[in-house]
Amino acid sequence: MARDTVRFYLNDALVERGDVRPDETLLDFLRLEKMLRGTKEGCAEGDCGACSVLVGRLDGEGLVYEAVNACIRFVGSLDGTHVVTVEHLAGRDGALHPVQQAMVDYHGSQCGFCTPGFVISLYGLWLENPNPSVPEVERALQGNLCRCTGYAPIVRAAQSISSYGQAAEDALNAEREAIRARLAGLRDGQRVEVRSAGGTVIVPADVDDLAAVFTEHPEATIIAGSTDVGLWVTKFMRDISPVVFIGHLMREISVSGEAITFGAGVSYTQAFGVIAEHIPQMRELFERIGGAQVRNMGTIGGNIANGSPIGDTPPPLIALGASITLRKGDARRVVKLEDFFIEYGRQDRAEGEFVEAVTVPLPRADEMFATYKISKRREEDITATLGAFRVKVADGVVAEAVIAYGGMAGTPKRANAVEAALVGKPWTMETIAAAIPAFETDYQPLTDWRASADYRMLAARNLLRRFFIESGGDVARIVRHEVA
Amino acid sequence: MTALDARKPIRGGVHISQRHDSAHKHVAGTAEYIDDMVEPTGTLHAYLGLSTSAHGEIVAIDLDAVRAAPGVVGVLTAGDVPGHNDVSPVGKHDEPIFAEGKVSFWGQPMFAVIAETRDQARRAAHRAKVEYRELPFAGDVAAARAAGGELVTENMTLKRGDVAAGLASAPRRIAGTVTMGGQDHFYLEGQIAMAVPGEDDEVTLYSSTQHPSEIQHMVGHALGVPSNAVNVISRRMGGGFGGKETQGNLFAVVAAIAAKKYGRAVKIRPDRDDDMTATGKRHDFVVDYDVGYDDEGRITAVDAVYAARCGYAADLSGAVTDRALFHADNAYFYPAVRLQSEPLRTNTVSNTAFRGFGGPQGMVACERWIEEIAYSLGKDPLDVRKANFYGEGERNVTPYHQTVTDNIIGRIVDELEASADYRARRAAIVEFNRTSPILKRGIALTPVKFGISFTMTAFNQAGALVHIYKDGSIHLNHGGTEMGQGLYVKVAQVLADTFQVDLDKVKITATTTAKVPNTSATAASSGSDLNGMAAANAAGQIKARLVAFAAEKYGVAEDAVVFEPNCVLIGNQRFDWADFIDQAYFGRVQLSAAGFYKTPDIHWDRAAGKGQPFFYFAYGASCSEVIVDTLTGEYMVERVDILHDVGKSLNPAIDIGQIEGGFIQGMGWLTTEELWWDAKGRLRTHAPSTYKIPLASDVPKIFNIKLAEWSENKAPTIGRSKAVGEPPFMLAMSVPEALSMAAASVVDYAIPPRMDTPATPERVLMTIERLKREAAAR
């Protein structure tokens, strides 16, 4: 049995669509079909946040609202969710919402075009965290660009919202049980399969259904967070039909004493707590992947499966010895992550096979581990180079070294020659210096708009130096906000 | 008398912080931008087809697949332009709407496709097949010079004193080259226009433009109809920053041609990539300098050439490069000086206005030699600055022979130096750097002096139209446009103040060429100076009529008619405002007036390089502290203190917003915003994923901004205020200089850092590496 409509709530109304096109974005649906034009298009690539909306989804027994970029969110992926736009915030009497009133009173808008997106991001933050600190506000706003205000008044507004009203009394919190029940009512356990002139949309009922669908349609485009595939559509106008939306699947996280296993659909946001607790060395990196909207949508599985040489998670996961579970039908195989990336644009993934889970061994107490990202702008930027280092020193001598970089080759890649130059040597700056020339053997980076080859090489080498210095307990990098 | 004497003052007069008039609508999502308007039935959508060659002859262009694409109604090429195939804003006829025969930059419009939906038009536009015969192209200043150095417009020279002698006799001399990058405006609302055809030759344009009158003229020019057939309406822009001074012309013209051809409304909105590829940006400059100075760091002579990448056409490059020269002195006196502009033609998009309009480039170059002089003498750059500031009563003539008569830079800098605790912090930073092996800090305090007025004297005029309706409500219209800077509310405050009514009695209405004609661009920071005065003039006319009417009707002297808060006192009778206006209507008083203003006392002779181009100067200073990672070049701005002069502020909250926002935008230009072209001349940083403007997390951790509250404009401006749009942008110059200091610390400040901008982490690290190499070679 399959249902032939996509159903979700938009503000107060149920939307049921039997003609959803595979590449239909939420932003176009809102602006062109629903004439809800408070949500703006600024870039159509998920980088500016002008199109931010909240999407509420059931999370186990709970209900979470997350800011997402409507420009790269596909309508077909919204089945069973609650979409909240800026039009939903003001009271029925027209009175501004506390978030909105704070923005007005603190002069948080100038031209006003980015403002609805900021309001949504701040609203999402305030629902979860009514009294955010400056670092928390900055993190929540990494995905929102403003060209007029210089942000300072917006940050001040963000910290004052609770003086205008109580988050607990806000409609989305006060009516949470009713909304949860409404969304639960949309769950019928069925696959969604919508065929229209524009192509085919499939939302599998569960992961076994996904396995069946993908075996049947190995040509399908699998979309989890759509932070990458979204751009295939909005930038390159690529035909992606048939599509299979999997963002609601494989969202389990399990932690054992030695490893964490992330389902392939776990978003960066969802993973953050576990990462911060068990692999705190990766916390800073996770705070710098995209902006909040991208972290709410994007998945670790997608970051791996798309094979990008500049994905942020593969180098540290390779350094930690991560493996992935690939599944086709009922057959599964486990591949070491570093072996998954064959060359630029090619991975060890058979037709009809998909990434089901990623297992990440925790750094052991006798190992040193760190990962550092270099980008032109500190936050919400794509990596120029990113290094990850796991080194075990016994009796002052390097017993094991696993080093991987992104942005230095056509794939995320281990620094085999550098590792070899370290192992068996005393853990000293002299050893590091002696290993530096080996970078030339491991990498021949490219020059592009993010960085020159020379800078990539120099920065990559210096990240190893930084790792050595910090392994001694010093902080040798700039930290904007100390972790509380 | 009675308790009535204690009437509350009006809500929303001048010199008081007021919210942006659209703030409520901004946050509610109800502020209407052009793409949010309900489209007329049958609206079509246009999309541009852009070239994929930086310089080439069009050998063949096949648009059959475009025409055959789903939803396509038609295709426009040069032959479909009824009037002139040109949108040059300066009458040079060098900017075709659609390229003919050859293309001169990658991304040049060649045709437009018109379709039922925007998505259809956009998809169809990419189906063109074009064959080029590639020609050699000059992408930047060096290549343009190598190819012969063709200029897009006449260059300018400013001269005062004997430069050759000043250089020859100088005890010390430095010569070098400083480069600075361009900048994309990155207005959040991209370019957009919608044209609605009318009867006969008429057409109405909704355009996101800073210059409705120019849109009107361009549309008339392209359609071959007089200006009176074209009405242009602009309620608000989602950001402008200069990027919508001339760059909206193309889009408005294409929409208008299509609307008239097909008899349907036509909307055109490029995607972000095309917007950034096909529209002009801030000019990048290469400045070659030769500077003489003495052992105290006092400059004796400056000889400099300012080469700019202007792109394939002139656009506003002449005025931009002129303004670079006008600001080559920043706040410093040059005893002898020769400055020459070199506006070079390149095979890139034609560069255009951007906040500061060449001024920032002139000033960044100037601060480079100040910095270099300081390092060469082992002095604190602030001391070199002070030694060179314009004097009061002496040493006060600019390179363009205007005398600086309103100089307050000394007081501004002294106050900031104290409030920012500059000296002690600098000493602490030097000490920190001595002991910190990897992380280094830097601090810098830089001044700003910025000339206010269009250097094209004719542009310094403005009009306004004010109506008072029978119920006492007021309709305000003027030639200025609203791009977020708060112009509308400031002018409304002027009106509220003049009539002594609450601000909410004043209705702010969209800028329209049909109400106020022949307006100048809302640019050069001039918006409230010009339009505020024009509105005050209109209000004054009505007020004079009201006073005469009241005096006659009630038999009192005119000075016995007093406009009190929301009422009028006539002799000893007091009337409610609405009641009084009702009486005036029945007394047949004309309750409407067109106001006009032209800036007095300014003149400019470009050929002679002499005159008084500026009505006054705005001043400011900033002090920035940064920390740099010398392993990677990564950095963070720790603290910024700003003291800025807006005269007697019309609206302090709005002005502080301009300062905060201008500083951050300037910081972006000088740090992470980098334009990058590939070997084929194609811009590869054309979206926010690749072009990095500052984020909330890039704002200085400590950010103190103060207005120089004691300042009053010596010139008779509206409320003695000063312009605020552009000057704060240049406050950001202290950031790269602080980064330079941190970099120079690795060689104990013994070598001038000479770091160009944008100071990306890469450039910072490469500067550090170069300094280390230079030190080792010594």
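At roughly what angle do the axes of helix α9 of chain B and helix α10 of chain B cross? I started my notes there, bearing in mind that this is a predicted model.

**Entry 1: a helix pair in chain B**

I looked up α9 (residues 317–326) and α10 (residues 359–377) of chain B, and their axes cross at roughly 35 degrees. The two axes come within 7 Å. I noted the handedness too: α9(B) passes α10(B) in a right-handed crossing. From α9(B), the contact takes B:R323, B:A324, B:L325 and B:F326. From α10(B), I wrote down B:G359, B:Q361 and B:G362. By class, I get three nonpolar residues, three polar and one charged in this contact.

**Entry 2: domains of chain A**

Next I pulled the domain assignment for chain A. Domain 1 comes in two pieces, 2–87 and 176–245. Domain 2 covers 98–169, and domain 3 covers 367–471. I checked the C-alpha centres of domains 1 and 2 of chain A and got a separation of 26 Å. Where they touch, 15 residues of domain 1 meet 13 residues of domain 2. On the domain 1 side, strands β4 (52–59) and β5 (62–69) of chain A each put in at least two residues. I sorted that side into eight nonpolar, five polar and two charged residues.

**Entry 3: chain A against chain B**

Then I went to the interface between the chains. How many residues of chain A are in contact with chain B? I found 63, facing 66 residues of chain B. On the chain A side, α2 (98–105), α3 (115–128), α5 (152–158) and α19 (453–471) each give two or more residues. The largest share is from α19(A), with seven residues. I split the chain A side into 33 nonpolar, 13 polar and 17 charged residues.

**Entry 4: nonpolar cores**

Last stop, the cores. In soluble globular proteins, nonpolar side chains tend to be buried together. The largest nonpolar core here has 356 residues. Which members touch the most others? I listed B:V113, B:L205, B:V254, B:A255 and B:A256. Helix α7 (residues 249–262) of chain B gives the most to this core, 10 residues.

I took a closer look at B:A255. Leaving out residues up to four places away in sequence, B:A255 touches B:A46, B:A193, B:M194 and B:A195. B:V266, B:K267 and B:I268 are also on its contact list. Apart from the largest core, I logged another one of 46 residues, including B:L465, B:V494, B:L530 and B:I542.

Note on methods: Residues numbered from 1 in each chain as written. Chains lettered and ligands numbered in written order. Predicted model: local features only at pLDDT ≥ 70, side-chain atom pairs only at ≥ 80, totals over all residues. Axes fitted to C-alpha atoms, helices over the stretch in contact; angles between N-to-C directions. Helix = DSSP H or I, 4+ residues; strand = E, 2+ residues; numbered from the N terminus. Left-handed = near helix turned anticlockwise from the far one by under 90°. Contact = placed C-beta atoms within 7 Å. Nonpolar A, V, L, I, M, F, W, Y, C, P; charged D, E, K, R; others polar. Domains from an automatic or database assignment. Core = buried A, V, L, I, M, F, W, Y, C linked by C-beta atoms within 7 Å. Buried ≥ 20, exposed ≤ 12 C-beta atoms within 10 Å, placed from the backbone.
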